[in-house]
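This report describes selected features of a single protein chain. The sequence and the structure are shown below, followed by an account of a sheet, the nonpolar cores and one strand residue.

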Amino acid sequence: MGYGEVKIRSYDVQIHRAGVEDLERRCEVGPTERAVLFIDTMGDPICRIRNSPMYKMLVAELGGELVGVIQGSIKLATVHKPPKNLAKLGYLLGLRIAPLHRRKGIGSRLVLELEKWFAVNDVDYAYMATEKDNEASVNLFINKLGYAKFRTPAILVNPVDHRVLRLSSKTEVAKLKVEEAEFLYRKFMTSTEFFPDDIGNILRNKLSMGTWVAYPRGESWDGFGSDGKALPRSWAMLSVWNSGELFKLRLAETPLSCFLYTKSSILIDKIFPCLKLPATPDFFSPFGFYFMYGVHHEGSLSGKLVQHLCQFVHNMATKTKDCKVIVTEVGGNDILRLHIPYWKSLSCPEDLWCIKTLKNEENTIHQLPKAPPTTASLFVDPREV
């Protein structure tokens with residue numbers, strides 16, 4: 001089927017919403033044999049990009065049928081390549097092609113059309129994320145469209161069992177004001193790859209539930225940032241984004257072990273409630289989730305403090321009826337992986353980020369795709385989850 005028969009258009013909610021939702025359902029085939037979490041947009045196909053500074057959605061039509069869709073967003077972020085350490089980044093996500101119309105070049109056309117929009121808006125790099133064993137996606141972006149493998153972060157997913165965890169009496173937790181949180185992020189994380197320049201807008205977004213710090217009991221935090229008071233010797237911080245207000249998740253393919261554990265734990269909890277065993281949530285119906293972002297720690301005791309904050313967020317989540325998992329994403333070599341609890345069956349140990357230079361000028365910034373990580377940390381924007 002020739003390219004000329006496929007029409008690429010901007011998404012129109014009145015015309016395309018039903019078609020996009022139907023396409024999402026038809027594309028629900030996981031690329032791996034492990035558990036796969038799928039997205040329920042709750043009738044809003046652009047929910048995943050709606051909070052980005054700039055965004056666009058394209059659809060592909062063939063003979064009056066909607067056969068493809070792609071989304072993109074643009075932001076200014078750190079790429080850690082001085083002297084120009086900020087760049088405009090274009091993020092591609094949500095590429096879907098109807099099963100009967102794959103291998104016809106429709107995916108390539110959608111990506112190239114979105115790259116044109118990036119170019120018009122002076123974007124330096126386009127990047128996307130996929131599972132490393134998603135052969136079709138890797139082949140399209142790397143072998144056909146010139147993207148390069150960039151980073152392999154880990155997506156960590158931990159169930160919320162709706163039992164309140166006991167927190168250590170040796171740790172204090174304090175909620176920061178937005179101004180304090182922005183000050184700390186700019187002070188300690190601006191050299192982190194992909195740190196968003198508009199961090200203040202993220203922290204002030206209605207979906208951002210707040211930023212918390214943990215530090216050893218007996219040390220003071222009051223007033224830090226207002227008059228230059230010293231920080232505790234060890235501390236940790238993170239922010240929480242209520243992604244469940246935008247869209248829901250649900251489990252599509254469940255390994256037998258996961259299925260049996262879920263059913264058996266629920267049964268045991270009903271028969272022997274006095275045992276107080278952790279009950280696994282029911283993942284078979286759509287559910288909400290919290291996304292932890294901006295996780296940072298300093299000092300010799302900070303690993304334990306990160307664990308404490310994760311327990312604190314878990315207890316927050318127990319008060320939200322449909323929040324069944326807590327998700328975060330960290331750099332592949334980030335030591336944070338050792339301190340954040342997660343369930344292996346639902347997590348992705350190696351997500352794959354691919355990147356492509358969209359400008360041809362000769363300067364240091366265009367060596368980024370070939371450069372090794374300058375830090376282990378990676379800032380994952382909650383607006384792009």
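## Sheet architecture and cores

In this predicted model, 6 strands form an open sheet with mixed pairing, in the order β8-β14-β13-β11-β10-β9. Strands β8 (154–159) and β9 (171–176) occupy the edges; each has a single partner strand, so one side of each remains without a neighbour in the sheet. On average, neighbouring strands of this sheet are turned by 25° against each other, direction ignored. Helix α4 (residues 178–188) packs on the sheet and touches β9, β10, β11 and β13 (288–298). The direction of α4 makes about 115° with that of β11.

Strand β10 (residues 208–216) runs antiparallel to β11 (residues 235–241), to which 6 bridges join it. Strands β9 and β10 also run antiparallel and are joined by 6 bridges. Strand β10 is mostly covered, with 8 of its 9 residues buried. Individual residue pairs involving β10 are listed below.

| Residue | Opposite residue | Strand of the opposite residue |
|---|---|---|
| S208 | W241 | β11 |
| T211 | S239 | β11 |
| E172 | Y215 | β10 |

The nonpolar interior is considered next. The largest nonpolar core has 82 residues, and those with the most contacts inside it are L89, L92, F118, F141, Y147, Y185 and V325. At least three residues of this core come from each of domain 1 (6–152 + 351–357) and domain 2 (157–247 + 268–338). Leaving aside residues up to four places away in sequence, F141 touches L92, L95, V111, M128, G146 and Y147. A second, separate core has 23 residues, including V240, V313, M316 and I340.

## The environment of D351

Is D351 buried or exposed? Its relative accessible area is 7%, which lies under the 20% cut-off, and D351 is therefore buried. This residue is found in strand β15 (residues 351–357). Which residues does D351 touch, not counting those up to four places away in sequence? They are A129, T130, E131, R151, T152, P153, I155 and E329. One of these contacts, E329, is 22 residues from D351 along the chain, and the C-alpha atoms of the two are separated by 9.2 Å.

Conventions:
Residues are numbered from 1 along each chain as its sequence is written. This is a predicted model: local features need pLDDT of at least 70, side-chain atom pairs count only at pLDDT 80 or more; totals for chains, interfaces and linings use all residues. Side-chain values use heavy atoms; hydrogens and water are left out. Helices (H or I, at least four residues) and strands (E, at least two) are DSSP runs, numbered from the N terminus. Buried means under 20% relative accessible area, exposed over 50%, partly exposed in between (1.4 Å probe, protein chains only). Contact means heavy atoms within 4.5 Å. Two strands pair if DSSP finds at least two bridges between them. Axes are lines fitted to C-alpha atoms, for helices over the stretch in contact, and angles run from 0 to 180 degrees between N-to-C directions. A nonpolar core is a set of buried Ala, Val, Leu, Ile, Met, Phe, Trp, Tyr and Cys residues joined through side-chain atoms within 4.5 Å. Domain bounds come from an automatic or database domain assignment.
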